[in-house]
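Colleague: I should like to go through this model with you point by point. Could you take each question in turn and set out the reasoning?

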Amino acid sequence: MNHLALIQAMPKAELHVHIEGTFEPELMFEIAQRNHIQIPYQNIEEVRQAYNFHNLQSFLDIYYAGAKVLIHEQDFYDLAWAYFKKCHADHVVHTEIFFDPQTHTERGIAFETFFNGFQRACQDAKSEFGISSHLIMCFLRHLSEQEAFETLEQALPFKDQIIAVGLDSSEMGHPPEKFQRVFAAAAEAGFLLVAHAGEEGPPEYVWQALDLLKVNRIDHGVRSEEDSQLLARLAKEQMPLTVCPLSNLKLCVVDDMQQHNIQRLLQQGLCVMVNSDDPAYFGGYMNDNFIAIQNALNLSEAELKQLAVNSFNASFISAAEKKHWAETIAKLSV
Ligand code: HPA
Ligand code: ZN
């Protein structure tokens, strides 16, 4: 088996994917049409041309606009089901999916409408493909602490089916400390905790996510490399960083993939792994991300396997399941 075949063959977990970011233009057109909603594009080609981002905010503006065509429970089901089909094709056997309640509740969509759609797709993925999944609800950090508290309240009836809360959207100017109290309340209610930090924001935001929010994982975190004390801590605690290579390239967090730090972080003993973030917008799903770093960085067989093992170790599955997947990956040979 060569390296590309190993990438395909390895079972993998995905820990950083926004379900609204898996919205492919073809499905967006189909749902817009059936819901009689106008979108500002004539055809798929025009949509792709609009995906010409230069930073996080220029992406987010388009990402939130696209989500507006989602109205009915079936729309949310179709969105999630399309993503699970990609997981199946890429041999992603477990996924922990972000959703943004406020993107939908702000438009008058009831929590149960999108939640039931996602939940039903998760059940079907288990029965059809054997893919396990968890749902993680994110607070939009450009909105207020009060609005995050309201969202937490709305989620309480569904709390047994939501494994964690997260924090996403515009990072600069919205440091983790803004959500310290709401994260404490979420922990009290039994949710695990994750947060985007150190994507565009400075290492200070990663420190805050660790010390003030008390997260179980950091999403992105690639700017931690600028602070050696922080790196030492992340390595010592084996605090996972859910790294998203094609996202970092597309949003200009790195200038080219050869400069991406995922391999350096791995070699320094950090628990990093590969994720797709918003694959419909950034040029690819799990295996596309693996192939992109493999072509740029020429990872060894051991490094590729470590990335896959880390994806399970950093996930919220049981210790027995983690052991099972590590053993399965170890047995594969190139
Ligand atoms: N960063 C912050 N917010 C997001 C992202 C991201 O990469 N994707 C979707 N919302
Ligand atoms: Zn993200």
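**Cysteines, metal site and aromatic contacts**

Modeller: I begin with the cysteines of this predicted model. The sulfur of Cys87 lies 9.9 Å from the closest cysteine sulfur, that of Cys122, which is too far for a bond.

Colleague: How many disulfides does the structure hold?

Modeller: A disulfide requires two cysteine sulfur atoms within 2.5 Å. Cys87, buried with a relative accessible area of 2%, has its closest cysteine sulfur at 9.9 Å. Cys271 is also in no disulfide, as the nearest cysteine sulfur, in Cys244, is 14 Å away. For the structure, the number of disulfides is 0.

Colleague: Is Cys271 buried or exposed?

Modeller: The limit for burial is under 20% relative accessible area. Cys271 has a value of 5%, so Cys271 is buried.

Colleague: Which residues coordinate the zinc ion (ligand 2)?

Modeller: The donor residues follow the spacing H-x1-H-x177-H-x80-D in sequence. The donor atoms are NE2 for each histidine and OD for the aspartate, at 2.1 to 2.3 Å. The residues are His16, His18, His196 and Asp277.

Colleague: What is the geometry of the site of the zinc ion (ligand 2)?

Modeller: Four donors count as tetrahedral if all angles lie between 85 and 135 degrees. The angles among the 4 donor atoms here run from 81 to 173°. The site is classed as irregular.

Colleague: How many residues apart in sequence are the parts that His18 and His196 tie together?

Modeller: Both His18 and His196 are buried. His18 belongs to strand E1 (residues 12-18) and His196 to strand E5 (residues 192-197), so the pair joins parts of the chain whose separation in sequence is 178 residues.

Colleague: Is the ring pair of Tyr51 and Tyr281 stacked or tilted?

Modeller: Planes under 30 degrees apart would count as stacked, and those over 60 as edge-to-face. The two ring centres are 4.6 Å apart and the planes meet at 35°, so the pair of Tyr51 and Tyr281 is tilted.

Colleague: Where in the chain do Tyr51 and Tyr281 lie?

Modeller: Both residues are buried. The pair links distant parts of the chain, 230 residues apart. Tyr51 is in the loop between helix H3 (44-50) and helix H4 (56-67), and Tyr281 is in helix H14 (residues 279-282).

Colleague: Which elements does the pair of Phe99 and Phe114 tie together?

Modeller: Phe99 and Phe114 form a tilted aromatic pair, 6.2 Å centre to centre with 55° between the planes. Phe99 counts as buried at 0% relative accessibility, and Phe114 likewise counts as buried at 0%. The pair ties together strand E2 (residues 92-99) and helix H7 (residues 111-129).

Colleague: Over which ring does the charged end of Arg217 sit?

Modeller: A charged end counts here if it is within 6 Å of the ring centre and within 35 degrees of the ring normal. The charged end of Arg217 is 4.1 Å from the centre of the ring in question, that of Phe316.

Colleague: Is Asn298 buried or exposed?

Modeller: Asn298 is not a glycine, yet has a positive phi of about 50°. The residue is found in the loop between helix H15 (286-297) and helix H16 (301-313). At 59% relative accessibility, Asn298 counts as exposed.

Colleague: In which strand is His220 found?

Modeller: His220 also has a positive phi, near 75°, in a residue other than glycine. His220 is buried, with a relative accessible area of 0%. The strand is E6 (residues 217-220).

Notes: Residues numbered from 1 in each chain as written. Chains lettered and ligands numbered in written order. Predicted model: local features only at pLDDT ≥ 70, side-chain atom pairs only at ≥ 80, totals over all residues. Heavy atoms only, no water. Donors = N, O, S within 2.8 Å, 3.2 Å for Na, K, Ca; no water. Tetrahedral: all angles 85-135°; square planar, octahedral: opposite > 155°, others 65-115°. Helix = DSSP H or I, 4+ residues; strand = E, 2+ residues; numbered from the N terminus. Buried < 20%, exposed > 50% of the residue type's maximum accessible area, 1.4 Å probe, protein only. Phe/Tyr/Trp six-rings, centres within 6.5 Å; stacked < 30°, edge-to-face > 60°.
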